[in-house]
Amino acid sequence: MKKLLVAAAVMTVSTASFATDGKALFQQKGCTACHQAAAETVGPSLKKIAAAYAGKEADLIKFLKGEGKAIVDPSKEAIMKPQINTTKAMKDDELKALAQYMLSNK
Ligand code: HEC
């Protein structure tokens, strides 16, 4: 019983930190498969995304909710589109943390 309680406590703590840790969310949701910090891979680098969305956190969140248009590399929008299903399902505070992490990659 004691063991169970400890496990539950640990889980609560880690869930709480994930919700506000944009970097962890970015890794956890599989975004790193196509987005690196500074290198262009399948998708644009975080640096490029941060430059395009500088001062436009609200627009970035809109894009992640599927309400915005691609402005970084519209010719490859078809590759990014299915990923929106993942971000659309995320909570507002998670999306905010995710957006802030991406924008911090200057
Ligand atoms: C299968 C590869 C792939 C994965 C996985 C992926 N992306 Fe992308 N992403 C792309 C490509 C390609 C583009 C360029 C097209 C575009 O600009 O929309 C892009 C563009 C973007 C953009 C720029 C949007 C714009 O205005 O042009 C953002 C923001 C973004 N991705 C966030 C994410 C996040 C957050 C995740 C994780 C949930 C993620 N991506 C996962 C391939 C991917």
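**Exercise 1.** Which residue's side chain meets that of Glu 40 in a salt bridge?

*Solution.* Let's start gently, keeping in mind that this is a predicted model.
- Step 1: look for the partner. The side chain of Lys 48 meets that of Glu 40 in a salt bridge, at 3.8 Å from N to O.
- Step 2: test the distance. A salt bridge requires the Lys or Arg nitrogen to be within 4 Å of the carboxyl oxygen, and the pair of Glu 40 and Lys 48 is at 3.8 Å.
- Step 3: check the surroundings. Glu 40 has a relative accessible area of 45%, so it is partly exposed. Lys 48 is partly exposed too, at 42%.

**Exercise 2.** Find the salt bridge of Asp 92 and place its two residues along the chain.

*Solution.*
- Step 1: recall the principle. Side chains of opposite charge can pair when their charged atoms come close.
- Step 2: identify the pair. Asp 92 meets Lys 65 through their side chains, with 3.3 Å between N and O.
- Step 3: locate both ends. Asp 92 belongs to helix H7, while Lys 65 lies in the loop between H4 and H5; the two are 27 residues apart, and the pair links distant parts of the chain.
- Step 4: compare with the 50% cut-off for exposed residues. Asp 92, with a relative accessible area of 54%, is exposed, whereas Lys 65, at 29%, counts as partly exposed.

**Exercise 3.** Describe the salt bridge between Asp 73 and Lys 76, then give the total for the whole structure.

*Solution.*
- Step 1: the side chains of Asp 73 and Lys 76 meet at 3.8 Å, N to O.
- Step 2: Asp 73 is partly exposed at 26% relative accessible area, and Lys 76 is partly exposed at 37%.
- Step 3: searching the whole structure gives four salt bridges.

**Exercise 4.** Where does the ligand sit, and which residues come nearest to it?

*Solution.*
- Step 1: the ligand occupies the largest pocket. Helix H4 (57-64), helix H5 (77-80) and helix H7 (92-103) are the elements that each give two or more residues to the shell around it.
- Step 2: there are 26 residues around the ligand, and Cys 31, Cys 34, His 35, Tyr 53 and Met 80 come nearest.
- Step 3: sort the shell by class. It has 17 nonpolar, five polar and four charged residues.
- Step 4: turn to the oxygen atoms of the ligand. One is 2.4 Å from a side-chain N or O atom of Tyr 53. On the backbone side, a polar atom of Ile 71 is 2.8 Å from a ligand oxygen, and an N or O atom of Val 72 lies 2.7 Å from a ligand oxygen.

Conventions:
Residues numbered from 1 in each chain as written. Predicted model: local features only at pLDDT ≥ 70, side-chain atom pairs only at ≥ 80, totals over all residues. Heavy atoms only, no water. Near = heavy atom within 4 Å. Polar contact = N/O pair within 3.5 Å; in protein donor to acceptor, adjacent residues only side chain to side chain. 1 Å grid on protein atoms, 1.4 Å probe; cavity = no way out; pocket = protein on both sides within 12 Å on 5 of 7 lines; lining within 4 Å. Sits in = over half its atoms within 2 Å of the grid points. Helix = DSSP H or I, 4+ residues; strand = E, 2+ residues; numbered from the N terminus. Nonpolar A, V, L, I, M, F, W, Y, C, P; charged D, E, K, R; others polar. Buried < 20%, exposed > 50% of the residue type's maximum accessible area, 1.4 Å probe, protein only.
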